[in-house]
Number of protein chains: 2
Amino acid sequence: MAAPDNNILRPVRCIIKLGGSSATEKDKFETINESLLSTTAKQLKEAFVISSDKQQPTMDWSRGSNCDQASFLPEDSPTSEFQLDFNPFVVVHGAGSYGHFQASKGRVNRGDLAEDYVKAGFVATRISVTKLNHEIVRAFARECIPAVGVSPFSAGWSTRNRMLDRENTPHVQRLVQAGLLPVLHGDAVLDSVQGCAILSGDVIVRQLAQTLKPSYVVFLTNVPGVYDRPPSDQNAVLLKEIAVADGTWKIIDPPEIERGMKVQTTVAAHDTTGGMETKIAEAASIASCGIPVLVVETGSRHALEALKGSPLTSREDWVGTLIRQAGSEELEH
Amino acid sequence: MAAPDNNILRPVRCIIKLGGSSATEKDKFETINESLLSTTAKQLKEAFVISSDKQQPTMDWSRGSNCDQASFLPEDSPTSEFQLDFNPFVVVHGAGSYGHFQASKGRVNRGDLAEDYVKAGFVATRISVTKLNHEIVRAFARECIPAVGVSPFSAGWSTRNRMLDRENTPHVQRLVQAGLLPVLHGDAVLDSVQGCAILSGDVIVRQLAQTLKPSYVVFLTNVPGVYDRPPSDQNAVLLKEIAVADGTWKIIDPPEIERGMKVQTTVAAHDTTGGMETKIAEAASIASCGIPVLVVETGSRHALEALKGSPLTSREDWVGTLIRQAGSEELEH
């Protein structure tokens, strides 16, 4: 019986933020976007799992899966069907149409857990976001990705005045080293000052990235990348490459866009809307640590390229936004 | 906006082990025993929640609940519907018809997470037990109990050679102090020697009891209490009172049963069957710390009495087993 290789730290290849609207039907209360989620699961498998050519069976052996529980693993050849290895990665997802209604109605981010309606909203929010986490873990497991749900609330993550205070990255690191895929999510957590708060998935990604130091981070969103104005504006221009330094960022590509535009990269943990502002601030914060960030549309072929890390070396025909630290040769072309 | 009273530690009144077969149909794959679970939720509310007479609304605001999401909390009087306070308690549940099949088929308790079929079993087990946890939390929330799921795996609990090694009771304590009901469960966890293992709910209860020092512990089971032989044996006699000291136990009531019968109280963490042996060993271990343990049949009126702690002062007409430390006046009558 082999012990896990605790002494050999496997580097984390990628941390992925799966936007809430990329896994759910954002306007339909607690509804999974099954086809988009399934596409993402398949892309994760293609990008990270190193396996034999043969069909891998599901790891979801629960009711409602296609698994025939009675005959799943043949007793006489228990190891024959599984042959997998993968480059370590971590997924953090948002809430989409899960959790937002409850958090808003219960005023969870305003705290005051001693108020019973806030407490009710807190309980209801957690029920909703953990249900989504469960569905996402199952979707990954069906693609033979060894996904395990890790609720930040359960793992002891908490805030202080809505800013991340207590975290538990070492535990995530242990799970990665054990060959598992930790799947975290934006969550309702305790707050040491105001009682409770919302901890956004974007903040969790930044924290994990700073500690686990992945080769790159991918934000899977419902738009093709970062624009110079709201993407709904018909004049909006996709920013292909952005360089970040000292809390400012420069648009490198397209070059005709105003250079030197300053964007605050301070963390807006209280942005519970999942809006672009928090996302960009967190992405810039990650990039300023030297970890490139790719922002791309979920489910597209560009998403698959991003998950593979290909745009880091060549962005020909790639549609998305690369955010990276200023100063590298790559950026200053 | 009031901060939670972090400085005033509220004593934990009770820790409850909800047996897997008390919440699920043990012989039907992944099936909740809805009526028994609902009865237990109502009993928990009656035993611990101190509230006004008026109907409390549900805290389950998710799809499939009876909650009308659009009109749930009236904006003009957000606090009017909730008025609750409760004596702090903690629930730990078993797996029943969730998790056991997957853990057994995937040989999770034999470890070796590097084997892909064990890893698949590990992932499948966690999917199944977290689904049960989710359903139990929702059932409690529907009774306006502020329940929050805490998976031991996510919270960083782990084993070493199948024995509890790393735990996270301080986090459970924080949740209790925040006025929430933590709901933990038997789980598949990492094992620092063999890769992975099953951490039974009974072991978790013992660990929590030793640290949180509740006034009493209740084991809700599918039989009326502890017997001198398997309850299926028609000559089986219900043991009403047992005194524990120095790893041995004495049957106090009924007095005609052999005194001085010795039972090992060492912890059998590898007993994944949820059998009586682990349960009794853990109960004896808790009792020997001076914390009385009540073993009682789930859903019965005796269960409600046990949850209220009434059998600690009077056991007239009560059917169940009291296990407590030897030497007290109460025991030596």
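Which residue in E10(A) is the bridge partner of A:Val189? I looked this up first. The partner is A:Ala197. I note early that the model is predicted.

**Entry: the E9/E10 hairpin**

I stayed with these two strands. E9(A) covers residues 187-191, and E9(A) pairs with E10(A) in the antiparallel sense over five bridges. I checked the connection next. A hairpin of three residues links E9(A) to E10(A). I then asked about burial in E10(A), residues 195-199. This strand is mostly covered, with five of its five residues buried.

**Entry: chain A overall**

I stepped back to the whole chain. Chain A has eight helices and 17 strands. I find 60% of its 333 residues counted as buried. I also looked at sequence separation. Among contacts in chain A with a separation of 6 or more, 72% are between residues 24 or more positions apart.

**Entry: the nine-stranded sheet**

I traced the strand order of an open sheet in chain A. I read E5-E8-E4-E1-E11-E16-E17-E14-E15, nine strands with mixed pairing. The edges are E5 (147-149) and E15 (248-253) of chain A, and each of them pairs on one side only. From one strand to the next the twist averages 20°.

I picked one pair from this order. E14(A), residues 241-245, and E17(A), residues 321-325, pair in the parallel sense over four bridges. Here A:Ile242 stands opposite A:Ile323 of E17(A).

Then I looked for helices on the sheet. H4(A) lies across E1 (14-18), E4 (89-93), E5 and E8 (181-185) of chain A. H4(A) runs at about 155° to E8(A). H5(A), residues 169-177, also packs on the sheet and touches E4, E5 and E8 of chain A. The direction of H5(A) makes about 145° with that of E8(A).

**Entry: H2 against H4 in chain A**

At what angle do H2(A) and H4(A) pack? I get about 50°, with the axes 9 Å apart. H2(A) spans residues 34-48 and H4(A) spans residues 116-142. That angle makes H2(A) oblique to H4(A). The crossing of the two is right-handed.

I listed the residues that meet. H2(A) brings A:Glu34, A:Leu37, A:Ala41 and A:Leu44. H4(A) brings A:Glu135, A:Ile136, A:Ala139, A:Phe140 and A:Arg142. By class, I have six nonpolar, no polar and three charged residues in this contact.

**Entry: H2 against H8 in chain B**

I moved to chain B. The axes of H2(B), residues 34-48, and H8(B), residues 301-308, come within 9 Å and cross at roughly 35°. This crossing is right-handed.

From H2(B) I noted B:Gln43, B:Leu44, B:Glu46, B:Ala47 and B:Phe48. They meet B:Ala303, B:Leu304, B:Leu307 and B:Lys308 in H8(B). The contact divides into six nonpolar, one polar and two charged residues.

**Entry: B:Phe153**

Is B:Phe153 buried or exposed? I find B:Phe153 buried, with a relative accessible area of 1%. Its place is the loop between E5 (147-149) and E6 (158-160) of chain B.

I listed its contacts, leaving aside neighbours within four places in sequence. From chain A, I have A:Val148, A:Gly149, A:Val150, A:His171, A:Leu175 and A:Leu180. From chain B, I have B:Phe122, B:Arg126, B:Asp187, B:Ala188, B:Val189 and B:Leu190. I also looked up a C-alpha separation. B:Phe153 and B:Leu184 are 31 residues apart along the chain, and their C-alpha atoms are separated by 9.8 Å.

Terms used. Residues numbered from 1 in each chain as written. Chains lettered and ligands numbered in written order. Predicted model: local features only at pLDDT ≥ 70, side-chain atom pairs only at ≥ 80, totals over all residues. Heavy atoms only, no water. Axes fitted to C-alpha atoms, helices over the stretch in contact; angles between N-to-C directions. Parallel < 35°, antiparallel > 145°, perpendicular 65-115°, else oblique. Left-handed = near helix turned anticlockwise from the far one by under 90°. Contact = heavy atoms within 4.5 Å. Nonpolar A, V, L, I, M, F, W, Y, C, P; charged D, E, K, R; others polar. Buried < 20%, exposed > 50% of the residue type's maximum accessible area, 1.4 Å probe, protein only. Pairing = 2+ DSSP bridges.
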